[in-house]
Amino acid sequence: MNNITIIGRFTKAPEQATLSTGTTVANFSLAVKDRRGEVTYFNCKAFGKTGELIFKYCAKGSQVGVNGSMKCRKWQAKDGSSRESWEVLVDTMTLLGGANTSTTVDESENATTVKPSAIDQLTPVEAEEEMPF
């Protein structure tokens, strides 16, 4: 199984391209912070309606959740050395961190659904003691 789910922020505005078949592609990079505060960067590609919506609604700093698969691209550099790069091929994307709704885009259904944000449904916890994590 090749499946990845990440939540991160755009490092810059997405770039849009059109394939010879007419399919739209959005290329972008997400910065994902782990529990230790370390940041990992993911190069991502989204095709079709998902790519169009990313290009239309996302900008540098936008927070999104993406689901997809990892793909390795391999090539020979000009100096003859072998190179490889990993990227996320996005299947679904959820816009996060703005209004009281989140938008989920699913390429397989070419549909956009709006539902209440899970963050808005959380109840704050007031602890008397310090949390262990």
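Outside its neighbours within four places in sequence, Ile-54 is in contact with Phe-10, Pro-14, Ala-26, Phe-28, Ala-46 and Met-93. The model analysed here is predicted. Ile-54 also belongs to the largest nonpolar core, which has 17 residues. Together with Phe-28, Leu-30 and Val-90, Ile-54 ranks among the residues with the most contacts inside that core. Five strands give two or more residues each: β1 (4-10), β3 (24-33), β4 (39-47), β5 and β6. Strand β3 provides the largest share, 4 residues. In soluble globular proteins, nonpolar side chains tend to be buried together.

The overall fold was examined next. The protein chain has 1 helix and 8 strands. From the N terminus on, the order of elements is β-β-β-β-α-β-β-β-β. The chain holds 133 residues, and buried residues make up 31% of them. Contacts were also sorted by sequence separation. Among those between residues at least 6 apart in sequence, 48% join residues at least 24 apart. The accessible surface of the chain comes to about 9400 Å². Carbon and sulfur atoms account for 50% of that surface.

Strand pairing was then considered for β2 and β3. These two strands pair in the antiparallel sense, over 4 bridges. Within the pairing, Gln-16 stands opposite Ala-26 in β3. Ala-26 is also one of the contacts of Ile-54. The hairpin of β2 and β3 has 5 residues between the strands. In this hairpin Gly-22 takes a positive phi near 95°.

Thr-11 lies in the loop between β1 and β2 (15-18). Its relative accessibility is 27%, so Thr-11 counts as partly exposed. Beyond residues up to four places away in sequence, Thr-11 touches Ser-29, Leu-30, Ala-31, Tyr-41 and Lys-60. Leu-30 in that list is among the core residues with the most contacts. Phe-28 is 17 residues from Thr-11 in sequence. In space, the C-alpha atoms of Thr-11 and Phe-28 are 7.8 Å apart.

Ser-69 is found in strand β5. This serine has a relative accessibility of 19% and therefore counts as buried, the cut-off being under 20%. Leaving aside neighbours within four places in sequence, Ser-69 is in contact with Asn-2, Ile-4, Glu-87, Val-88, Leu-89 and Asp-91. One of these contacts, Glu-87, also takes part in a salt bridge with Arg-73.

Charged pairs were surveyed across the model. Side chains of opposite charge can pair when their charged atoms come close. The count comes to 5 salt bridges. In the pair of Glu-87 and Arg-73, the N to O distance is 3.6 Å. This pair links distant parts of the chain, with the partners 14 residues apart. Glu-87 lies in strand β6 (residues 82-96), and Arg-73 in strand β5 (residues 63-76). The two partners fall into separate accessibility classes. Glu-87 is buried at 8% relative accessibility. Arg-73 is partly exposed, with a relative accessible area of 39%.

Glu-15 forms a salt bridge with Lys-12, and their closest N and O atoms are 3.4 Å apart. Glu-15 has a relative accessible area of 44%, so this residue is partly exposed. Lys-12 is likewise partly exposed, at 45% relative accessibility. A further salt bridge joins the side chains of Asp-79 and Arg-83, at 3.9 Å from N to O. Here Asp-79 counts as exposed, at 59% relative accessibility. Arg-83 is partly exposed, with a relative accessible area of 40%. Asp-34, Arg-36 and Glu-38 are joined into one network by salt bridges that share partners.

Cysteines were checked last. A search of the whole structure finds 0 disulfides. Cys-44 is buried, at 3% relative accessibility. Cys-58 is buried as well, with a relative accessible area of 7%.

Terms used. Residues numbered from 1 in each chain as written. Predicted model: local features only at pLDDT ≥ 70, side-chain atom pairs only at ≥ 80, totals over all residues. Heavy atoms only, no water. Salt bridge = Lys/Arg side-chain N within 4 Å of Asp/Glu carboxyl O. Buried < 20%, exposed > 50% of the residue type's maximum accessible area, 1.4 Å probe, protein only. Contact = heavy atoms within 4.5 Å. Areas by Shrake-Rupley, 256 points an atom, 1.4 Å probe, with all protein chains shown as cover. Core = buried A, V, L, I, M, F, W, Y, C linked by side-chain atoms within 4.5 Å. Disulfide = S-S within 2.5 Å. Pairing = 2+ DSSP bridges.
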